Amino acid sequence: MHTRVLLLASVAITAIQGFAFKETYPVAGSVPAPKPEWLALIKNVNITNAPVYKVAANAGPQAPKDGSDPYCDWTFTGCVRETDLYQCPKGQWAPTYDDGPTDFSPKLYDYLDQHKLKITLFMVGGQVVKFPELTQRAYTTGHELAMHTWSHSYMTSLTNEQIVAELKWNELAIKEVTGVSPRFFRPPYGDIDDRVRDVAKALGFVPVIWNHDTDDWRASEDKTFLPSWIDGNVTQWAGEAATATTGGISLSHDLYNITVDAALRYLPSLEVS
Ligand SMILES: [Zn+2]
């Protein structure tokens, strides 16, 4: 019996290895140009005329100094619109993982399979093209595949046409692998305003932000970072869950070994019994 199961598993893996994309994709990590036909999707659409922000290498768009936020920029003030998803109903928790798939994703996927947990994965387009087998695996094992743009740029720093390209190339890569289009996207760094919302809506995509941050992204950016910070955050949320008025959407990343190892430690405490 064991032999038979193993044989079936090896056939399944062989079938998706060496996935051949038909499409020629833009360079991973670079802001792509849209296919001309995609621009028709925003042609007769009312799009908020918010500024296209200039950004420095390590800093996102800067909030107006007077504290105003006329375009509902989440990173400036935490502003959200009715169309944004950023929390769950009380008693529910949605763990989300961004920036994958990566070499560290299989460890996370294995854990989720073993514990019969389903999560949402916000995948970067270039990573999908690099790891089609992992993308396929995540889809066939029941996770929600969502988009995290093509190049992981600050979306409010892009033109309307570039926003179209970022989302549609990301969609196309996932659709080539899985046969289905994702519905949700997460703006990198949570960088979204009404202009980005309007373009995304015209394409049929729903933005997802978060209301709990594991801070695991600090692993690469903060020299004083300790993995135990992540555990501390999640332990605190679990303690607050009984009295919280809403459930959570938590931000985390299957980008580093440290962040995946942390997930394996803290995910049990987010399970609602
Ligand atoms: Zn990200």
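Let us start at one residue, Asp198, and work outwards: beyond its neighbours within four places in sequence, Asp198 is in contact with Asn46, Ile47 and Thr48. Keep in mind that the model is predicted.

Asp198 belongs to helix 7, which covers residues 194–203. What about the charge on this residue? Asp198 is buried, yet it has no salt bridge. The nearest side chain of opposite charge is that of Lys201, 6.6 Å away. A salt bridge would need a side-chain nitrogen of Lys or Arg within 4 Å of a carboxyl oxygen of Asp or Glu, so a separation of 6.6 Å does not qualify.

Now widen the view to the helix around Asp198. Helix 7 is mostly covered, with eight of its ten residues buried. The buried residues are Asp194, Arg195, Val196, Arg197, Asp198, Val199, Ala200 and Leu203. What do they pack against? Their partners are helix 6 (160–178) and strand 4 (184–185).

From here we can turn to another feature of the model, the largest pocket. About 650 Å³ of space lies in this pocket. It is lined by 26 residues, and those closest to its centre are His152, Tyr154, Tyr189, Trp217 and Glu221. Which elements help to build the lining? Helix 2 (74–77) and strand 7 (248–253) each supply at least two residues. Sorted by class, the lining has 13 nonpolar residues, seven polar ones and six charged ones.

Methods:
Residues numbered from 1 in each chain as written. Predicted model: local features only at pLDDT ≥ 70, side-chain atom pairs only at ≥ 80, totals over all residues. Heavy atoms only, no water. Helix = DSSP H or I, 4+ residues; strand = E, 2+ residues; numbered from the N terminus. Buried < 20%, exposed > 50% of the residue type's maximum accessible area, 1.4 Å probe, protein only. Lys, Arg positive; Asp, Glu negative; His and termini not counted. Contact = heavy atoms within 4.5 Å. 1 Å grid on protein atoms, 1.4 Å probe; cavity = no way out; pocket = protein on both sides within 12 Å on 5 of 7 lines; lining within 4 Å. Points joined across faces, edges and corners; volume = space filled by probe spheres on them. Nonpolar A, V, L, I, M, F, W, Y, C, P; charged D, E, K, R; others polar.
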